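The following exercises concern a predicted model. Please work through each task before reading its solution.

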Amino acid sequence: MAHSELTAKTGELLRAMTLEEKLGQLTMIRIDAESAGTLPAEQLTAIREGRAGSVLDLKGPDAIREVQKIALTETRLGIPLLFALDVLHGYETVFPIPLAEAAAMDPPLWHATARAAAREAAANGIALTFAPMLDVSRDPRWGRMAEGPGEDPWLASRFAEAKVRGFQGEDARSGIAATAKHFVGYGAVTAGREYGSIDISNRTLHEVYLPPFLAAVRVGAAAIMPALSDFAGLPLTAHPGLLRDLLRKRWGFEGVVISDFHAIAELITHGVAAGIAEAAALALKAGVDIDMASGAYLDGLPEALARGLVLEADIDLAVKRVLALKARLGLFDQAADSEGYSLPGEVSAEHRALAREAARKSIVLLKNRDRLLPLPKAPRRLAVAGPLADAPGEMLGPWHCAGKAEGTVSFLQGLRAALPDWELSYFGNAISGGGETIRKADLFLLCLGETANMCGEAASRARPQLPDFQRKLFEDVSALGKPVIVVLTSGRPLIDSATFEAADAVLAAWFPGSEAGTALADILTGAVNPSGKLPVSWPAEVGQIPIFFSQRRTGRPADPAIHNTSKYIDVPVEPLFPFGHGLSFTEFAYRNLRVSPGILQPGGRIAVELDIENVGALEGEETCLLFIRDAAASIARPVLELRGMAKIKLAAGAAGSVAFELTAEDLSFPADDGSLCLEPGCFEILAGPCADPEKLLCSTIHVP
Ligand code: GLC
């Protein structure tokens, strides 16, 4: 729909609307037909009476079609509803959780899985997803690290671009609207405690937490969702400085701001609103267009209007944005009896194959003592134990949308299918009754970690480690003196250094999705060489949190040999595994870093190239990471800043090169107002497999 046509249509509608109908368009209601077992009459009445403009959590094309028909044919103006759902990493076909996909370091893959999820969701009547979640997180105590792209703002920005484009397609009509959430800084909640206060410096806000949202806005994200927390005492839901002045005025965001669940009414609980009228006025004036599930706009705005806390023009502005989004999504073109939504069968098979590929690329091989893996070709006696070994439902993670346990491949199922000639025995959570079979086992596979409800929303953990019974199981198995492989299912790094030290091999599988078992078997058997790399630093101790590679160097950088330096006296400062860590079954050598020109010319670029050789015995794919280090600036810069990632697939013995380009923007950093500034001076350019300075090649360039 052309912009002029859209403006005319929304203007015409707006003029025809009563105040209650306008407030209805700003109200999103929840219809959870699944648990209610039917379409609740109260919500259907609200729709008939024009007191709802959008619906969340309703699943199933028949139910959505039935409810949409009510809106189109039984309301005064016949404005279509917008159906929204948390389609984070798949609709029916479930892909690895976002933190896992971040480990693939693969923007085309990120785009492809979002595209597939959008196709399935749109085919089932969904028009908007509350994704991508773009909260950078450096605190594994916070359960929602699982939903996001890890610790680094540059990687999170590439993730944002790929996911928004993947969900929305070339235009929002060929996909579903994306909602970048939770704006902003939610990953920095105090002490990793869910919904806690966010209290970070303006510099950290601009350097770390805002960039992925700016990236999402730049590629046309249709919606933004503010975080439930307060930012230095002002809830994000009522923050005109960030929502109106920065997001809309500075960044030019023209989409819709949707509150988080019940967030507007919770402004009273936050202690910044005396009652529902004040809460509604604060949110509306800050720029929140849609009230998710609190009823505050319907109940509070009439009083707020009467008391002069808001103007009808404020309401009209929000309604216009909502109507424009519906028009952009093609919702007005839907006929009342629009035929069913359907997806051809072969598409589902294609999506399952994509889920397997995504899971293979997301699994990170953390340790592989004496090259225990890949498993030998000759059949062996493999004993499998642990609560996550045969738990298909757990493989889908905390936000599995319409994904179901049935049809999901568990680790055990995948292994049985891949190792038909092996003697494979399963022992649940204890090996005590294992008898002869245990004694005869050649090696053990323990599937340990978190169940889906141990991470995600409202699942902060002060001790993000293996549950005690799992550590006991590991100790019992380890005492048998046979090789032990540990596969971790989790939505965060699990901090258990003693266990990982004792294990022979450790893999982070995260929550791998519908094809969990097939992907794990592909890796363990060596059918696929692991290539995943950590998108978060993996702490050695809880006490190190928050831990991340782009720390500032301080005036006394850690030096174990010098007492008065920035370190702990009881644990190391280094993570157990650094950002970017991920082993392969082969080995790659990095050589010959070259940068040109040595001096950045105005408007110029720096070409960076280096050689990589596969010096092992198996083909593999390597991701090379590019960092910069600004040696001296007006503000102390981090010891490393990620600025690139490039993949190369090499046969055993083969060599190749990877290339990057650095621009002035890449070498700049935000001033206090967020604008980027490039300062003259010397920059180190570093490249290598991970954020361990010892493993990076280094060169320098100069900015005049
Ligand atoms: C939840 C989450 C948000 C989600 C919304 C709708 O409270 O914070 O991420 O999109 O409610 O389910």
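**Exercise 1. Determine whether D316 is buried or exposed, and describe its surroundings.**

Step 1. The relative accessible area of D316 is 17%. Buried means under 20% relative accessible area, exposed means over 50%, and partly exposed lies in between, with a 1.4 Å probe and protein chains only. D316 is therefore buried.

Step 2. D316 belongs to helix α15, residues 312-328. Helices (H or I, at least four residues) and strands (E, at least two) are DSSP runs, numbered from the N terminus.

Step 3. The side chain of D316 makes a polar contact with the side chain of K22, at 2.8 Å. A polar contact is a pair of N or O atoms within 3.5 Å; within protein, one must be able to donate a hydrogen and the other to accept it, and residues adjacent in sequence count only if both atoms are side-chain atoms.

A note on the conventions is useful here. Residues are numbered from 1 along each chain as its sequence is written, and side-chain values use heavy atoms, with hydrogens and water left out. Because the model is predicted, local features need pLDDT of at least 70 and side-chain atom pairs count only at pLDDT 80 or more, whereas totals for chains, interfaces and linings use all residues.

**Exercise 2. Compare the expected span of α15 with the distance between its end C-alpha atoms, and do likewise for α7.**

Step 1. The expected span of a helix is 1.5 Å times one less than its number of residues.

Step 2. With 17 residues, α15 should span 24 Å. Its end C-alpha atoms are 24 Å apart, so the two values agree.

Step 3. Helix α7 (residues 107-123) also has an expected span of 24 Å for its 17 residues. The end C-alpha atoms of α7 lie 24 Å apart, which again agrees.

Step 4. Buried residues of α15 include I315, A318, V319 and L323; R321 and K326 are likewise among them. In α7, the buried residues include L109, W110, T113 and E120.

Step 5. After α15 comes G330, with a positive phi near 75 degrees. After α7 comes G125, whose phi is positive and near 90 degrees.

**Exercise 3. State where P539 is found and how far it lies from P578.**

Step 1. P539 is in the loop between α21 (516-524) and β17 (588-596).

Step 2. Its relative accessible area is 0%, so P539 is buried.

Step 3. P539 and P578 are 39 residues apart in sequence, and their C-alpha atoms are 8.4 Å apart in space.

**Exercise 4. Identify which residues are closest to the ligand.**

Step 1. The ligand is surrounded by 13 residues, where a residue is near a molecule or strand if one of its heavy atoms lies within 4 Å of it. The closest are D86, R144, K181, H182 and D260.

Step 2. A polar side-chain atom of D86 is 2.5 Å from an oxygen atom of the ligand. For an N or O atom in the side chain of H182, the distance to a ligand oxygen atom is 2.6 Å. For E457, the corresponding distance is 3.0 Å.

**Exercise 5. Describe the largest pocket and the largest cavity.**

Step 1. Rolling a probe the size of a water molecule over the atoms shows where empty space is left. On a 1 Å grid over the protein atoms alone, a cavity is a set of points where a 1.4 Å probe fits but cannot get out, and a pocket is an open set with protein on both sides within 12 Å along at least five of seven lines; lining residues have an atom within 4 Å of a point. Grid points are joined across faces, edges and corners, and a volume is the space filled by probe spheres set on the points.

Step 2. The largest pocket has a volume of about 1,200 Å³. Its lining has 49 residues, with P153, H206, E207, V208 and P211 nearest the centre.

Step 3. The largest cavity has a volume of about 40 Å³. Its lining includes L88, P98, M133 and F159, and α8 contributes the most residues, namely three.
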